[in-house]
Amino acid sequence: MDSHRQSVIVQASAAHHKPEARLVYGTAGFRTKATLLDSTCFRIGLIGALRSMALGGQVVGLMVTASHNPEPDNGVKMVDPHGEMLEAAWEPVCTDVANARTPDELLAALNAIVQRFHISLDVRPRVVYGWDTRPSSPALVGAIVDGLQALNAEMIEGGLLTTPQLHYLVLAHNTANTQDSYGKPTETGYYEKLAAAFLAATDGLPAPPPLVVDCANGVGARALQGLTKHLPEARLPLVLLRSDTETQGRLNNGCGADFVKTQQRLPDGYANEERVRPNELMCSLDGDADRIVFYYLTGPASDVANFHLLDGDKIASLAADYLSELVAKAQLDIKLGCVQTAYANGASTAYLEQRVPVSCTPTGVKHLHHEAAKYAIGVYFEANGHGTVLFSPEARAAMARAQPTSDEAKDALMRLRNLAELINQTVGDAISDMLMVLAILAARRWGPKEWDAAYTDLPNKLLKVQVPDRTVFKTTDAERKLTSPAGLQAQIDALVAQFPQGRSFVRPSGTEDCVRVYAEAASAEDTEKLATGVAALVEKA
Ligand code: NG1
Ligand code: ZN
């Protein structure tokens, strides 16, 4: 870089002092306590600009959020031009730049990027950025803006957004005024696209009953309010609960998709909510609205035995079953497959394997997304409710040229096309997934019980274990087996063998400083014993 640029960067960086802590760009980008992130955000502004320059000035995205994590945390992640996660080769690049200790080290790290990726400094970078409702977000966005300005980037302010909305904006900007236009590159464009697709997908079907939505007191509340302005209430009746984004301390606190999935119970205080009633479908979003889980009650909310979770595995099963039926009815010769991780409930895998090809990848949506892209139609969901359905160009072409001969085939093809429009193609999107589920349930004439009847979840348990150094835990076989510490896997295997339908695995978290233990077995009692037994082995290792 020329000396003028370098001195601008050094001057700007003086206002963004780097703390001691070392940060790593992982599955969720950078994520930690918000108080540690100012210099990281400034620097990811610089890297975002360089990434856009490296791609000839295509728009890249920066999102400030810590998703389901506690309110005092925050994070930032980069989105590539097609709305996908940052290319893996750039992750260590981000880490290097974030950890440079002095202005000289920072310049050296940036110049190394320019050389390694043959970046032409004549290209004007373009970056769109958005943020969630955390109180720390605006200041961190200010730091990003400083970084972008230092490299004279064209800045497109997205404002308060869900993570999937930011992904949408990136792809919409890069495809604007082309044949492949994904939609108008505005927040309103996002609502218009979803609303039109939902109306088409549910045309002639019974309207859904009111859906109670727990918004995690996060940005999803705002997005759902935005969406409902574009849809008649009769077609999408929503009851928004936990939608307070103003009161400090409420975000993800006792509510939200992560709470409901990990605690396997209703959001706190739901027993006192008048709108919470048995046999009605409900759902929870997470703090940045890229995850969703559903649930319903079969009796009073006060008894936890009446609570039934319909998680990411149930969503995947519903979608894979329905979409593969439509493909067959539409007489299309394309292959639909499903992608899960080791956290998928064994009962869901057994159910899916009877219907479609199923693959298992390591945790983290980028792995699932890449694997799903190998199928003509790829359904992928993490058990925690993060996922989507990808329609490949091959599937789209087949859908476009199909000439259905019967009324049934015509109807199936029309439904498939509408769902392909409705489902977010860039990333898992709680709002788009919510609409997909409602559209499928309406087509099936199903309530939550009929949906749940597909299979019965095996009792399961997820534990966190604090260890001195989680990097000594190394895995293989899509994280289902440990290769290190030596001997531990054999001990786990021996314990698992004692429990009917037992399965357990251990892996280091990519987003928290802990090791996770997953266990499932035929009974709740056995599951508890297996999980605590494996956790004890991990602690001793
Ligand atoms: P880690 O912390 O690596 O287990 C968690 C989730 C992932 C994924 C990422 C990104 C579980 C068990 N793990 O990863 O599925 O969503 O966060 O947010 O839910
Ligand atoms: Zn999230």
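1. Four donors count as tetrahedral if all angles lie between 85 and 135 degrees, and as square planar if opposite donors are over 155 degrees apart and all others between 65 and 115; any other arrangement of four is irregular. In this predicted model, the site of the zinc ion (ligand 2) has 4 donor atoms with angles of 88 to 170° among them, and the site is irregular. Water is not among the atoms, so the site may look incomplete.

2. The protein donors of this zinc ion are Ser-67 through OG, and Asp-286, Asp-288 and Asp-290 through OD. These donors lie 2.0 to 2.1 Å from the ion. Along the chain, the donors of the zinc ion (ligand 2) follow the spacing S-x218-D-x1-D-x1-D. Asp-288 is buried, with a relative accessible area of 0%. Asp-290 is also buried, at a relative accessible area of 4%.

3. Asn-384 should be read together with Lys-261. Asn-384 lies in the loop between β13 (377-381) and β14 (387-391), and counts as buried because its relative accessibility is 17%, where the limit is under 20%. A polar atom of the Asn-384 side chain lies 3.2 Å from the backbone nitrogen of His-386. Leaving aside neighbours within four places in sequence, Asn-384 is in contact with Lys-261, Arg-291, Ile-292 and Val-293.

4. On the other side of that contact, Lys-261 lies in helix α9 (residues 257-263). Lys-261 is buried, with a relative accessible area of 15%. Not counting residues up to four places away in sequence, Lys-261 touches Val-293, Leu-309, Asp-311, Ala-383 and Asn-384. Val-293 is thus in the contact lists of both Asn-384 and Lys-261.

5. The aromatic pairs deserve a separate point. The whole structure holds 12 aromatic pairs. In one of them, Tyr-168 and Tyr-182, the ring centres are 5.6 Å apart and the planes are at 50°, so the pair is tilted. Tyr-168 lies in helix α6 (residues 163-175) and Tyr-182 in the loop between α6 and α7 (187-201), so the pair ties together parts that are 14 residues apart in sequence. Both Tyr-168 and Tyr-182 are buried. Together with Tyr-190 and Tyr-191, Tyr-168 and Tyr-182 form one aromatic cluster.

6. Tyr-295 and Phe-307 pair with ring centres 5.6 Å apart and planes at 40°, so this pair is tilted. The pair links distant parts of the chain, 12 residues apart: Tyr-295 is in strand β9 (residues 292-297) and Phe-307 is in strand β10 (residues 307-310). Tyr-295 is buried, with a relative accessible area of 0%. Phe-307 counts as buried at 10% relative accessibility.

7. Two arginines are placed over aromatic rings. The charged end of Arg-355 sits over the ring of Tyr-351, 3.7 Å from its centre. Arg-444 lies over the face of Trp-446, at 5.2 Å from the ring centre.

8. Cys-360 is found in strand β12 (residues 358-361). Cys-360 is partly exposed, with a relative accessible area of 26%. The C-alpha atoms of Cys-360 and Ala-478 are 6.5 Å apart in space, although the residues are 118 apart in sequence. Not counting residues up to four places away in sequence, Cys-360 touches Gln-340, Thr-341, Ala-342, Ala-478 and Arg-480.

9. Helix α8 (residues 219-228) is mostly covered, with 7 of its 10 residues buried. The buried residues of α8 are Val-219, Gly-220, Ala-221, Ala-223, Leu-224, Gly-226 and Leu-227.

10. Some backbone details should be checked by eye. Arg-242 has a positive phi of about 50° although it is not a glycine. Arg-242 is in the loop between β7 (238-241) and α9, and counts as buried at 19% relative accessibility. Glu-479, likewise not a glycine, has a positive phi of about 70°. Glu-479 is placed in the loop between β16 (474-476) and β17, and counts as buried at 14% relative accessibility.

11. A cis peptide bond joins Ser-484 and Pro-485, with omega about 0°. Pro-485 is found in the loop between β17 (481-484) and α17 (488-496).

Definitions and conventions: Residues numbered from 1 in each chain as written. Chains lettered and ligands numbered in written order. Predicted model: local features only at pLDDT ≥ 70, side-chain atom pairs only at ≥ 80, totals over all residues. Heavy atoms only, no water. Donors = N, O, S within 2.8 Å, 3.2 Å for Na, K, Ca; no water. Tetrahedral: all angles 85-135°; square planar, octahedral: opposite > 155°, others 65-115°. Buried < 20%, exposed > 50% of the residue type's maximum accessible area, 1.4 Å probe, protein only. Helix = DSSP H or I, 4+ residues; strand = E, 2+ residues; numbered from the N terminus. Polar contact = N/O pair within 3.5 Å; in protein donor to acceptor, adjacent residues only side chain to side chain. Contact = heavy atoms within 4.5 Å. Phe/Tyr/Trp six-rings, centres within 6.5 Å; stacked < 30°, edge-to-face > 60°. Lys NZ or Arg CZ within 6 Å of the ring centre and 35° of its normal.
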